[in-house]
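Reader: I am a first-year student, and I would like to take a close look at a single part of this structure, with enough of its surroundings to see where that part belongs. Could you take me through it slowly?

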Amino acid sequence: MIINPKIEKYLEKLSFEEKNDPIIKEMEEIAKKENFPIVGSLVGRFLYIITKQKNPSLIVELGSGYGYSAYWFAKALNKGKVVLIDYQEKNIEKAKEFFKRAGLEKKAEFKVGDALEIAKEYKNIDILFLDLEKSRYLEAIQSLEKNLSENALIIADNVLWHGKVINEKPDKKTLAIKQFNEYMFKHYFSAIIPIRDGILLSIKNS
Ligand SMILES: C[S@@+](CC[C@H](N)C(=O)[O-])C[C@H]1O[C@@H](n2cnc3c(N)ncnc32)[C@H](O)[C@@H]1O
């Protein structure tokens, strides 16, 4: 954990409203039981607020799991859609079920396969969310730059990588994250919010 666990607990306690959303509750219980890395409610709330404010037409998510983060995006969407991509069919099937039960399926597109290959089919992406394998973050942004809309927002999860980014001898994955962060600060206007495992927010340099 990046932040003091007691502070994290305090923040989670404040976020009581999602405890009344049976779908979110169920998704969080699955994550706990199966030890599946979802973004969690603190980041979920953050994605929700950003989406409400930005009112995007197209959100593309690289690495959707069974749809927890995409669910927060979809809940906040007005007219747009969120594209969920995961190479595990069983994850996407589970996501479809959750979205159907919540009546959100019309706000989503579900894709199975390599996230980078599939995302290339989309133009004018307003929010690009990166939560795929960490070694591919840099490749992802570099290959999708031309698919971003003028005012696009890029959000990436796990950019502090359990705090390992400050290690003097970083392992391969940590090094990949560090290179990605450096690229994003050099080529975009970026900020990192140290909630959970670190969330990066970037816009194009004007
Ligand atoms: C951290 S989980 C995603 C969690 C999800 N964003 C959430 O918070 O609910 C990462 C997911 O990315 C998928 N994944 C990793 N690399 C991928 C790739 N290159 N293409 C498609 N899916 C990928 C994995 O199967 C896994 O389900």
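Author: Let us begin with a definition: Ala, Val, Leu, Ile, Met, Phe, Trp, Tyr, Cys and Pro count as nonpolar, Asp, Glu, Lys and Arg as charged, and the others, Gly among them, as polar. With those classes in hand, the shell around the ligand can be described as eight nonpolar, six polar and five charged residues. Please keep in mind throughout that this is a predicted model. The ligand is surrounded by 19 residues, of which the closest are Gly 63, Gly 65, Tyr 68, Ser 69 and Ala 115. Two elements, H4 and S2, each give two or more residues to this shell.

The part I would choose for a close look is helix H5, which runs over residues 89–102. At 1.5 Å a residue, its 14 residues should span 20 Å, and because its end C-alpha atoms are indeed 20 Å apart, the expected and the computed values agree.

Which residues of H5 are buried? They are Asn 91, Ile 92, Ala 95, Phe 98 and Phe 99. These residues cover an arc of only 120° around the axis, which means that they sit on the same side of H5. The general background is that an α-helix has 3.6 residues a turn, so residues three or four places apart point the same way. On the other side of H5 you will find Glu 89, Lys 90, Lys 100 and Arg 101, and these are exposed.

What do the buried residues of H5 pack against? Their partners are helix H2 (22–34), helix H4 (68–76), strand S2 (81–86) and strand S3 (108–112). Two of these partners, H4 and S2, have already appeared as elements that give two or more residues to the shell around the ligand. Just after H5 comes Gly 103, whose phi is positive, at about 70°.

One of the partners, strand S2, can be followed a little further through Val 83, which lies in that strand. Val 83 has 23 C-beta neighbours inside 10 Å, and therefore it counts as buried, since the cut-off is 20 or more. Leaving aside residues up to four places away in sequence, Val 83 touches Ile 59, Val 60, Glu 61, Glu 109, Lys 111 and Tyr 122.

For comparison, consider helix H7 (residues 137–144), where Tyr 137, Ala 140, Ile 141 and Leu 144 are buried. They cover an arc of only 90° around the axis, which puts them on the same side of H7. The buried residues of H7 pack against strand S1 (58–62), H6, S4, strand S5 (148–157) and helix H8 (172–187).

Finally, let us step back to the whole protein chain, which contains eight helices and seven strands. Its radius of gyration is 16 Å, close to the 17 Å that the globule rule gives for 206 residues, so the protein chain is as compact as a globular protein of that length. The C-alpha trace spans about 45 × 40 × 30 Å along its principal axes, and 37% of the 206 residues count as buried. Among contacts in the protein chain with a separation of 6 or more, 66% are accounted for by residues 24 or more positions apart.

Technical notes:
Residues numbered from 1 in each chain as written. Predicted model: local features only at pLDDT ≥ 70, side-chain atom pairs only at ≥ 80, totals over all residues. Helix = DSSP H or I, 4+ residues; strand = E, 2+ residues; numbered from the N terminus. Expected span 1.5 Å × (residues − 1). Buried ≥ 20, exposed ≤ 12 C-beta atoms within 10 Å, placed from the backbone. Arc of directions from axis to C-beta. Contact = placed C-beta atoms within 7 Å. Near = placed C-beta within 6 Å. Rg over C-alpha atoms; globule rule 2.2 N^0.38 Å.
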